[in-house]
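Hi,

Here is the structure I promised to send over. Have a look at it first, and then read my notes below.

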Amino acid sequence: MRSAMFMALVAASAGSLVEVHEPSMIPSGWRAISEKVNADGKFRVTVGVKRSNKAALDKIFSEVSNPQSANYLQYPSYAEMGDIVRPSAEHTRIVKEWLSTNGVEVTKVHPHGDYIHAEATVAQLQKMS
C-alpha cells in the first residue's frame, strides 16, 4: 500500500507542468501495517514549486564564497533572496489550481512562493498520486 503521507514536489516548467514524486525510501523504523487507512483522514502536505533564476542564484553563491570577488561575504537579505528565487505568478497559480481542482485546501503560500502548504484527505492524495 502506498504511504498515506508524501511530499509532492511540483516542477512547473514548459515541458511538464505538474510532476508528482513519490517517496523513494521508507524511513528507518517504519513498518507496513495491515490496517486500512481512513480515506477521510486529513494530512498537512507541502508542495514545492520550482524556483526561478537558478543561474542568478548560482552566481550569487559563487561570488559570496569567493575571496577574490567584490561581493565576498555580501549575502543577500531574506527579502532579496525571495525576489531572486520566487517562482513566476503563473507557476504558483498552476500549482494552486491543480490542488483546488483535486479538492485540496491551500492553507498557506510561503512568502518566497516556493512552497505551498495544504490540507488533503488520504483519498485526495491517492487520487493525485
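To start with the surface: is tyrosine 75 buried or exposed? At 56% relative accessibility, tyrosine 75 counts as exposed (exposed is over 50% relative accessible area, buried is under 20%, and partly exposed is in between, with a 1.4 Å probe and protein chains only).

Before the rest, some housekeeping. This is a predicted model, so local features need pLDDT of at least 70 and side-chain atom pairs count only at pLDDT 80 or more, while totals for chains, interfaces and linings use all residues. Residues are numbered from 1 along each chain as its sequence is written, and side-chain values use heavy atoms, leaving out hydrogens and water.

Tyrosine 75 sits in the loop between helix 1 (54-65) and helix 2 (78-85); helices (H or I, at least four residues) and strands (E, at least two) are DSSP runs, numbered from the N terminus. Leucine 73 is in the loop between helix 1 and helix 2 as well, and is partly exposed at 43%. Leucine 73 has a positive phi of about 65°, although it is not a glycine. Most residues other than glycine have a negative phi. Asparagine 53, in the loop between strand 2 and helix 1, also isn't a glycine and has a positive phi of about 60°. Asparagine 53 is partly exposed, with a relative accessible area of 44%.

Now the inside. The largest nonpolar core (buried Ala, Val, Leu, Ile, Met, Phe, Trp, Tyr and Cys residues joined through side-chain atoms within 4.5 Å) has 12 residues, including Val45, Trp98, Ile116 and Met128. Strand 2 (42-49), helix 3, strand 4 (115-121) and helix 4 (122-128) each give two or more residues to this core. Another core, of six residues, lies apart from it, with Leu57, Ile60, Ile84 and Val85 among them.

Helix 3 is worth a closer look. Its buried residues are Thr92, Ile94, Val95, Trp98 and Leu99. They cover an arc of only 160° around the axis (taken from the directions from the helix axis to the C-beta atoms), which puts them on the same side of helix 3. On the face turned away from that buried side are the exposed residues Ala89 and Thr101. Just after helix 3, glycine 103 takes a positive phi of about 75°.

One last pair: alanine 56 and isoleucine 84 are 28 residues apart in sequence, yet 7.4 Å apart in space, C-alpha to C-alpha. Alanine 56 is in helix 1 and partly exposed, at 34%.

Cheers
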